[in-house]
Amino acid sequence: MRLIRHLQHWLGGSGPRLRVADIVPKTHSIRQWADTFPWTEMVEAIEQSVARRFPKRSPCGRRPVPTRVLLALELLKHEVGAADEAICERLRTDVAVMYACGLEEVQLDNPQAHFVWPETLAQFRSRLDEELIDELLAIQAAAAMDEGLVSPAHLLVDTFPAEQGSQRVSDASTLYNAQKKSSSSSRSSRRNAPRKRRR
Amino acid sequence: MRRFGRQCRGQGKVFVKLVRQTETQLLEVGSTIAHLAHAAQQSLHQATALSDHKRQRLANDLLVATQAHQQISKQSRRLTQGQRLSHCKIVNAYDPTIAPIIKGKSNCPTQFGRKPGILSEPTAGFIFAARSPLGNPSDASYVLPLLDKVEQAIQRLSGPKRPSIQSLAGDLGVNDPGLRQALHERGILSVGIPKTSEPINPQPSPEEILAVLNAAGLNRMRTPYQVQLACACGYSRPVVESHIACLLCRGAGQIRYKGPQGAVVQLGMTVMTHNAAALVRIRHKRLSKRAQKLRRFLGLRHRNVNQINDPKN
């Protein structure tokens, strides 16, 4: 079944259909970027892992958003540096993003404001774990090696620091800001203080 | 290099009085937590409307929250002027797995956060494996788990001739005799890891090559040509910095997702997008002269995408 069938409840409507691959040029950066991923294997790995860890209790309910769309959105988010909301909005309007998400056709006069809600993307992210991420990375590396583009013969290892949770105020950051503030205020007070005459 | 957190080394001072005042207020607020948690636990047992699964999950969450508070309150009474931060000390109340990165410059603020490790190839910067461990382990402890991940990727290849890891390069932080021994047992040359601050000779003489092979005990496994390539691909700070810079510009320097799992997800996604961009560069021959030369030496074929997409015949 094609991906369009899964998304029918969003893409329903009348009027002409737009073939996404015809609109996005082959030289478009997002198209070139998206064409490097082994999507089928990656989606299969995610679906197997999720089915094992979160078994479905009831067959009822609406069809889920396809894993292909959610994975592509999550990856694109890091590629273009967008927030969840921004990338979900771009999926509605940007044909290159639709191509990256694997959508083949869209209805032009669609009344829906969103195809995927940002909350859905956050839920998808919460189901990813370290084992699965390693598997996805291994699939990508294996595909690149299979194509003869990269070789693991000679490797480099290194580490780098990464800040986490800076949006929340922690004790350490409060203290650091207090230090900075006190040092800057002491500097300014020195500047503003009247100069003593030399005797 | 990015740095953040409070100044606790060098010329910086820690305002112990300020911390003490804040600490007293916070401890007073948190003193009732134990009673409230106990009461919550009792009422959770009495709640028959909840399913067993949900009750167990809530009880676990409650236990984790109570333990975190105990750990924070115990640590907050230990801060003393002039003392170094101990290993795996809590620096973020929301995430106890964040640790100070102890190794670093002696005259700059201590870095707090995570220390992801990457294993990349030196030509186009394709990252084969990444790891975001809990706390702040030594750099040498990253190497073998990362190599295991690369081995898993190699195992996925279906062809008769599978590639092998021939050499590994790293900075002085991974210069560990035990690690070198483990690498040699796996048939991996460790000539790219420097033993001193002197740079590695990129063009070793035949005698030096023989000495390297003898020292590693890999005379029959590795050829002199592979040693030459390993020396040429030895640790290079600008090359590694370029790979890290690519990750940082994709937001890997600031992890926005919550907790250790969030760090793993964000790092993994960033690495995969970086890899895709590296593959696009390789396909379109957008590589440096050095990278092109190394790829030629490694025998990596170069496809002409235009010819494949639009065949003339």
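Reader: Which cysteine sulfur is closest to that of Cys88(A), and how far away?
Author: Good place to start. This is a predicted model, where local features need pLDDT of at least 70, side-chain atom pairs count only at pLDDT 80 or more, and totals for chains, interfaces and linings use all residues. A disulfide is a pair of cysteine sulfur atoms within 2.5 Å, and the separation here is too far for a bond. The closest sulfur is in Cys101(A), at 8.9 Å.

Reader: How many disulfides are there over all chains?
Author: Chain B has a similar case to look at: the sulfur of Cys233(B) has its closest cysteine sulfur in Cys231(B), at 9.4 Å, too far for a bond. Over all chains, the number of disulfides is 0.

Reader: Is Cys88(A) buried or exposed?
Author: Buried means under 20% relative accessible area, exposed over 50%, and partly exposed in between (1.4 Å probe, protein chains only). Cys88(A) has a relative accessible area of 0%. That makes Cys88(A) buried.

Reader: Which residues touch the most other members of the largest nonpolar core?
Author: A nonpolar core is a set of buried Ala, Val, Leu, Ile, Met, Phe, Trp, Tyr and Cys residues joined through side-chain atoms within 4.5 Å. The largest one has 65 residues. The residues touching the most other members are Leu71(A), Leu73(A), Leu91(A) and Val116(A).

Reader: Where in α4(B) do the buried residues sit around the axis?
Author: Helices (H or I, at least four residues) and strands (E, at least two) are DSSP runs, numbered from the N terminus. In α4(B) the buried residues include Leu146(B), Leu147(B) and Val150(B). The buried set covers an arc (taken from the directions from the helix axis to the C-beta atoms) of only 160 degrees, so these residues are on the same side of α4(B).

Reader: How far apart are the closest N and O atoms of Lys115(B) and Asp139(B)?
Author: A salt bridge is a side-chain nitrogen of Lys or Arg within 4 Å of a carboxyl oxygen of Asp or Glu. Lys115(B) is buried at 8% relative accessible area, and Asp139(B) is buried at 12%. Their salt bridge has its closest N and O atoms 2.9 Å apart.

Reader: How many residues apart are Asp129(A) and Arg53(A)?
Author: Their side chains meet in a salt bridge of 3.8 Å, N to O. Asp129(A) is in the loop between α9 and α10 of chain A, while Arg53(A) is in helix α5. For finding them, residues are numbered from 1 along each chain as its sequence is written, chains are lettered from A, and side-chain values use heavy atoms, without hydrogens and water. The pair is 76 residues apart.
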